[in-house]
Amino acid sequence: MGEMEQLRKEADSLKDQITAARKAVQDTTLQEAVAEIPAVGRVQLKTRKTLRGHLAKIYAMHWGADSTLCVSASQDGKLIVWDSISTNKVNAIPLKSSWVMTCAYAPSGNLVACGGLDNMCSIYNLKGKDGNVKVMRELAAHTGYLSCCRFLSDTEIITSSGDCTCVLWDIETGTQKTVFAGHQGDCMSLAVSPDFKFFISGACDFTAKLWDIREEQCRQTFGGHESDINAIGVRMRKISPALLHQSSMQACFPHHFSFFQFFPNGNAVITGSDDATCKLHDLRADQDLLTYQDSSIMCGVTSLAPSLSGRLILAGYDDFNVNIWDTLKSERVGVLAGHDNRVSCIGVSSDGMACCTGSWDSFLKIWN
Amino acid sequence: MQARTSRRRRPCSVAWPRMSSKAQSSNNLAHARRTVQQLRIEASIERIKVSKASADLMNYCSEHARNDPLLMGIPASDNPFKDKKPCNIL
């Protein structure tokens with residue numbers, strides 16, 4: 001038997017083992033386990049602030065750690081840092097490239113980052129000596145668009161890219177510390193665990209991968225499913241960048257993860273998909289526990305965020321609304337309607353006091 | 001997408017698989033080996049029972065529920081985002 005054939009056999013056997021191991025721990029379902037606990041009542045949040053100033057679609061937003069400042073990125077070629085309470089623009093940063101797809105706020109509040117079709121992650125120092133916000137670093141090495149970025153600290157940032165890799169960067173030297181390769185399709189999104197030890201990447205190969213940052217290893221793969229030896233050399237159809245930016249941002253594949261966030265204790269991940277569902281995936285049981293869906297919802301999930309306790313999931317959809325789900329009972333408990341176009345991004349502040357939505361209608365709204 | 005000229009960088013810990021049309025078959029073998037290696041790692045992880053996973057999720061939610069402003073509601077006086085209108089007594 002050739003080595004290739006042997007490897008194929010071993011791969012099949014290992015996949016069967018994984019399937020069996022997941023089944024073996026199914027002593028109940030989350031649905032059964034939560035049967036006795038009371039459902040969350042109706043959740044009604046109001047728009048408290050509208051942040052006006054962008055001149056085109058908003059693609060991304062991220063709260064600062066102080067729960068007051070937030071950064072947004074728009075197709076108008078600007079990053080704006082907002083004071084969400086006063087609605088003042090603290091910084092309006094013009095970008096070299098208006099094709100921006102993601103932005104991030106460093107936990108320290110000193111830096112923001114963004115990137116997109118320029119294949120780069122640009123780091124801006126908000127606290128420069130002369131008060132001007134300048135590009136501090138341009139992290140360039142990806143051979144595909146930058147879909148997401150998240151700071152670990154002022155010296156490290158993780159990026160995900162259409163080149164199918166994620167990278168951990170040393171910001172000071174502008175170099176790659178680790179390349180996380182293994183996805184067979186464009187990496188669309190990433191989320192860092194609350195303890196900063198792991199991150200999850202989701203890609204157009206229908207899978208999400210859990211990576212140990214310091215061990216530089218993929219610990220788990222879930223979703224679509226695992227890479228297929230028979231599919232070597234067949235990349236998933238690359239998305240035309242212009243099409244990506246102008247249209248749905250979520251590509252043309254059904255069932256792939258458009259967005260996800262860690263559940264607050266770091267043991268589970270909430271994923272959202274083009275197929276109009278969200279799912280709760282437990283990392284230690286290594287399987288999906290619940291699906292959040294409703295027959296009346298037929299459009300893709302664009303973004304989501306858990307509330308502080310994790311009991312609520314706020315998810316943005318293509319139909320301009322945000323649906324609020326009871327995480328444990330998988331019932332819809334509220335709707336936020338107020339945007340005139342797709343909700344492209346959503347975030348809950350770290351003290352849990354407010355939810356911010358960003359939309360293709362060019363506005364951000366603060367709700368609580 | 002145009003390939004970028006490689007910049008000088010520190011050696012990366014995870015090799016980035018280069019797609020070379022010349023070495024297609026040995027590339028396939030290398031990919032197959034990597035795939036099996038990865039599957040071995042994933043097959044060997046310890047999995048906890050769904051009952052334990054569920055209990056831990058429920059406990060986390062209930063422990064933190066009372067501190068979850070969006071869940072519990074925020075009194076107007078404590079809500080920094082709520083516009084405070086002065087009360088005029090007529």
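## A tour from an aromatic cluster outwards

Select A:F180 and A:W211 to begin: both of these residues are buried. The model on the screen is a predicted one, and the tour takes these two side chains as its point of departure before turning to the chains as wholes.

**Stop 1: the aromatic cluster**

Add A:F199 to the selection. A:F180, A:F199 and A:W211 together make up one aromatic cluster. Over all chains, the search of the whole structure returns 6 aromatic pairs. In one of them, the ring centres of A:F180 and A:F199 are 4.9 Å apart and the planes meet at 85 degrees, so this pair is edge-to-face. Colour the strands next: A:F180 belongs to strand β13 (residues 175–180) of chain A and A:F199 to strand β15 (residues 198–203) of chain A, so the pair ties together parts that lie 19 residues apart in sequence.

Which kind of pair do A:F180 and A:W211 form? Their arrangement is edge-to-face, with 5.4 Å from centre to centre and 65 degrees between the planes. This pair, too, links distant parts of the chain, since A:F180 is in strand β13 and A:W211 is in strand β16 (residues 207–212) of chain A, 31 residues apart.

Now display the surface over the two phenylalanines. A:F180 has a relative accessible area of 1% and therefore counts as buried, the cut-off being under 20%. A:F199 is likewise buried, at 0%.

**Stop 2: a cysteine in strand β10**

Move to A:C149, which is located in strand β10 (residues 146–151) of chain A. Is this residue buried or exposed? A:C149 is buried, with a relative accessible area of 0%.

Show the surroundings of A:C149. Neighbours within four places in sequence set aside, its contacts include the cysteines A:C103, A:C114 and A:C121. Also in contact with A:C149 are A:T102, A:A104, A:A113, A:I157, A:I158, A:T159 and A:L190. For a distance to draw in the viewer, take A:S108: the C-alpha atoms of A:C149 and A:S108 are 16 Å apart, with their positions 41 residues apart in sequence.

**Stop 3: a threonine in a loop**

Select A:T68, in the loop that joins β2 (58–63) and β3 (69–74) of chain A. Which residues touch A:T68 once neighbours within four places in sequence are left aside? They are A:W63, A:W82, A:D83, A:S84 and A:I85. A line drawn from the C-alpha atom of A:T68 to that of A:W82 has a length of 8.2 Å, although the two residues are 14 apart along the chain.

**Stop 4: two residues with positive phi**

Go next to A:A276, in the loop between β19 (268–273) and β20 (278–282) of chain A. Its phi is near 75 degrees, which is a positive value in a residue other than glycine. With 6% relative accessibility, A:A276 counts as buried.

Follow the chain through β20 to the loop between β20 and β21 (287–292), where A:D286 is found. A:D286 is not a glycine either, yet its phi is positive, at about 60 degrees. What is the relative accessible area of A:D286? The value is 1%, so A:D286 is buried.

**Stop 5: chain A as a whole**

Zoom out and colour chain A by secondary structure: it contains 3 helices and 28 strands. Along its principal axes, the C-alpha trace of chain A extends over about 65 × 50 × 35 Å. For 368 residues, a compact globule would have a radius of gyration near 21 Å, and the 20 Å of chain A agrees with this. Buried residues make up 60% of the 368 in chain A. Of the contacts in chain A between residues at least 6 apart in sequence, 47% join residues at least 24 apart.

Switch to the surface of chain A, which exposes about 13,200 Å², with 48% of this supplied by carbon and sulfur atoms. Colouring by charge brings up 34 positive and 40 negative charges, whose mean positions are 6 Å apart.

**Stop 6: chain B**

Finally, select chain B. How many helices and strands does chain B have? There are 3 helices and 0 strands, and from the N terminus the order of elements is α-α-α. Of its 90 residues, 32% count as buried. The exposed area of chain B is about 6,600 Å², of which carbon and sulfur atoms account for 52%.

Key: Residues numbered from 1 in each chain as written. Chains lettered and ligands numbered in written order. Predicted model: local features only at pLDDT ≥ 70, side-chain atom pairs only at ≥ 80, totals over all residues. Heavy atoms only, no water. Helix = DSSP H or I, 4+ residues; strand = E, 2+ residues; numbered from the N terminus. Rg over C-alpha atoms; globule rule 2.2 N^0.38 Å. Buried < 20%, exposed > 50% of the residue type's maximum accessible area, 1.4 Å probe, protein only. Contact = heavy atoms within 4.5 Å. Areas by Shrake-Rupley, 256 points an atom, 1.4 Å probe, with all protein chains shown as cover. Lys, Arg positive; Asp, Glu negative; His and termini not counted. Charge placed at Lys NZ, Arg CZ, Asp CG, Glu CD. Phe/Tyr/Trp six-rings, centres within 6.5 Å; stacked < 30°, edge-to-face > 60°.
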